[in-house]
Structures are given as C-alpha cells and as structure tokens.
Amino acid sequence: MTLAELRALFREEAGDTAEPFLWLNSILNLYANEAQTEACRRGHLLRDSVTTAICQLAVTAGDPIVELDPRILDIQRMRLASQFIQLRGISVQEMDDSIPGWENQTGLPWRGVTDYQSNAIRLWPSPAANDVLKLSVIRLPLVDMAADTDEPEIRKEYHPQLVQWMLHRAYAKQDSEVFDANKSQTALANFEKEFGSRSSARNAAWRAERQLQFAPPIA
C-alpha cells in the first residue's frame with residue numbers, strides 16, 4: 001500500500017471521508033510513519049546484512065570505537081572485511097573479569113564489546129589497521145514516507161494493520177471531536193495482535209548490549 005492508500009483506508013475506518021477532514025494529511029502521515037516504526041520495534045521485521053551503509057562501518061587504526069546508526073535495533077552478526085571469522089559480542093563485565101588491562105591492548109580485533117558506549121561497538125583489541133566492520137542487523141526503516149506514492153518498507157501483507165496504530169493515535173487525541181478512549185484501546189489491541197506488545201527501552205537496551213536477543217525481561 002502507498003502512503004495515500006494508508007490514509008484512505010484510515011479515513012474509511014474512521015468515517016472521516018468528507019471535507020473538512022477531522023485529521024489533516026500531515027498528521028496521518030506522521031501516524032503512518034510511527035506505525036511502521038512501532039511494528040519494526042515490536043516485530044523485528046527488517047533485517048539487513050551489508051547491503052546498506054549502516055551495515056558497513058569504517059574502522060580506523062588506533063580507534064576502537066565504531067559508532068552505530070541509531071536505526072539499528074540489534075546486531076545479529078559482525079565481522080571485519082579483512083577476516084572471515086565473526087566477532088563475538090561480549091560485555092564490559094566479561095572483559096574486566098577475564099582480561100585485565102584489555103582497554104590498552106592493540107592488534108587484530110576479534111571481539112566487539114557491546115555495552116562500553118551507547119550506540120557503539122568497542123573493538124578488542126584496538127585495531128592496528130584500517131578496516132570495515134560488516135554487520136547483520138535488525139533495524140528500523142531507513143527513511144520516512146513522505147510522498148503519496150511512498151510505501152512502507154515492511155512486507156506488503158503487514159501494511160493494512162498499520163492503520164490500527166493510526167486509529168489508536170487518532171482517537172487518543174485530546175480533542176472533544178475525536179477523542180474516544182475505547183476506540184483507541186481497541187485499535188491498539190488489534191495492532192498488538194499483529195505485531196506484539198512493546199518492549200520497554202530498558203529491556204531493549206539490556207538485550208542489545210548483551211547480545212541476548214531472547215533474554216527475559218529485567219523488570
């Protein structure tokens with residue numbers, strides 16, 4: 001479905017088919033992009049392996065910190081372009097417990113410390129030569145939909161259910177003409193049937209930093 005078709009389906013579901021519309025196109029565009037982001041956060045629907053720039057990151061000799069694109073939700077695999085062996089994800093605590101003084105060591109990296117710095121991988125040992133870090137990731141959409149002909153990046157069979165998030169957000173607006181708590185919650189429940197419930201930011205960070213994709217919640 002295109003962005004225009006998502007808006008049309010929303011207006012049909014909400015009975016907002018005659019001008020002046022209750023919801024502006026610009027607001028519905030915002031809700032549609034939110035919907036795709038929420039679907040990806042919950043369902044991990046977009047996977048990428050070295051096909052986009054966010055999966056191929058420059059490594060500079062002497063600098064162990066490789067910053068990650070904020071659209072990356074989780075790293076599944078990582079390796080240096082010069083090598084065939086995958087780097088193992090590891091925590092700061094594990095490094096401190098097993099390799100005293102590890103931050104001062106230089107050589108060919110073979111581990112990636114995942115919780116050393118937010119939105120970054122800390123290579124160990126620190127790289128002695130320039131390279132490229134190649135990633136396989138779960139990510140958010142690369143760009144927002146803006147033109148009427150733009151389509152969601154997720155698979156087509158998921159597109160109609162994005163409208164449920166749009167309805168949820170629309171009916172939650174604190175406006176006497178449109179606010180309807182019951183309709184908002186019903187639409188959210190329908191959305192969650194398709195894409196699942198949202199994990200807290202704390203739990204998402206816990207799993208990502210420890211490379212524990214199926215770790216239980218911590219709170």
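This is a short selection-by-selection tour of a predicted model.

**Stop 1: helix α4**

Select residues 159–171, which make up helix α4. Most of this helix is covered, with 10 of its 13 residues buried. Show the side chains of Leu-162, Trp-165, Met-166 and Tyr-171, which are among the buried ones. Two histidines, His-159 and His-168, are also on the buried list. Now add α1 (3–14), α2 (25–43) and α5 (181–195) to the view. These three helices are part of what covers the buried residues of α4.

**Stop 2: helix α2, inside and out**

Stay on α2 and pick Gln-36, which sits in this helix. Is Gln-36 buried or exposed? Its relative accessibility is 2%, so Gln-36 counts as buried. Expand the selection to see what surrounds Gln-36. Setting aside neighbours within four places in sequence, Gln-36 contacts Pro-141, Met-145, Pro-152, Glu-153, Ile-154 and Leu-162. Leu-162 takes you back to α4, where Leu-162 is one of the buried residues.

Next, move to Leu-30, also in helix α2. Leu-30 has 42% relative accessibility and therefore counts as partly exposed. Add Leu-24 and Ile-27 to the selection. Together with Leu-30 they form a nonpolar patch on the surface, with about 260 Å² of accessible area.

**Stop 3: charges on α2 and elsewhere**

Select Glu-38 and Arg-41. Their side chains meet in a salt bridge, 3.7 Å from N to O. The two residues are three apart in helix α2, which means about one helical turn separates them. Glu-38 is buried at 7% relative accessible area. Arg-41 is partly exposed at 32%.

Jump to Asp-69 and Arg-71. Their salt bridge spans 2.7 Å, N to O. Asp-69 is buried at 18% relative accessibility, while Arg-71 is partly exposed at 27%.

Then pick Lys-156 and Glu-151. This salt bridge is 2.8 Å, N to O. Lys-156 is exposed at 54%, and Glu-151 is partly exposed at 39%. Which residues are joined into one network by salt bridges that share partners? Select Glu-38, Arg-41, Arg-42, Glu-192 and Arg-198 to see that network. The model's salt bridges number 13 in total.

**Stop 4: the four-stranded sheet**

Switch to a cartoon view. Find the open sheet of four strands in the order β3-β8-β7-β5, with mixed pairing. Which strands stand at the edges? They are β3 (65–67) and β5 (88–90); each has a single partner strand, so one side of each lacks a neighbour in the sheet. Neighbouring strands here are turned by 35 degrees against each other on average, direction ignored.

Zoom in on β7 (residues 111–113) and β8 (residues 120–124). They pair in the antiparallel sense over three bridges. Arg-111 stands opposite Trp-124 in β8. Keep Trp-124 selected for a later stop.

**Stop 5: strand β1**

Select β1 (46–49), which follows the loop after α2. β1 has two faces: Leu-46 and Asp-48 are on the covered one, Arg-47 and Ser-49 on the uncovered one. Its antiparallel partner is β10 (residues 131–139), paired over four bridges. Within β10, Arg-139 is the bridge partner of Leu-46.

**Stop 6: backbone oddities**

Colour by backbone torsion if your viewer allows. Most residues other than glycine have a negative phi, and most peptide bonds are trans. Four places are worth a click.

- His-44 has a positive phi, near 50 degrees. His-44 lies in the loop between α2 and β1, and is partly exposed with a relative accessible area of 23%.
- Asn-119 also has a positive phi, near 55 degrees. Asn-119 lies in the loop between β7 and β8, and counts as exposed at 55% relative accessibility.
- The peptide bond from Glu-19 to Pro-20 is cis, with omega near 0 degrees. Pro-20 is in the loop between α1 and α2.
- Trp-124 and Pro-125 are joined by a cis peptide bond, with omega about -10 degrees. Pro-125 is in the loop between β8 and β9 (126–127).

End on Trp-124, where two stops meet: this residue stands opposite Arg-111 and leads into the cis bond to Pro-125.

Conventions: Residues numbered from 1 in each chain as written. Predicted model: local features only at pLDDT ≥ 70, side-chain atom pairs only at ≥ 80, totals over all residues. Heavy atoms only, no water. Buried < 20%, exposed > 50% of the residue type's maximum accessible area, 1.4 Å probe, protein only. Contact = heavy atoms within 4.5 Å. Patch = residues over 30% accessible without salt bridge, like charges linked within 9 Å, V, L, I, M, F, W, Y side chains within 5 Å. Areas by Shrake-Rupley, 256 points an atom, 1.4 Å probe, with all protein chains shown as cover. Salt bridge = Lys/Arg side-chain N within 4 Å of Asp/Glu carboxyl O. Pairing = 2+ DSSP bridges. Axes fitted to C-alpha atoms, helices over the stretch in contact; angles between N-to-C directions.
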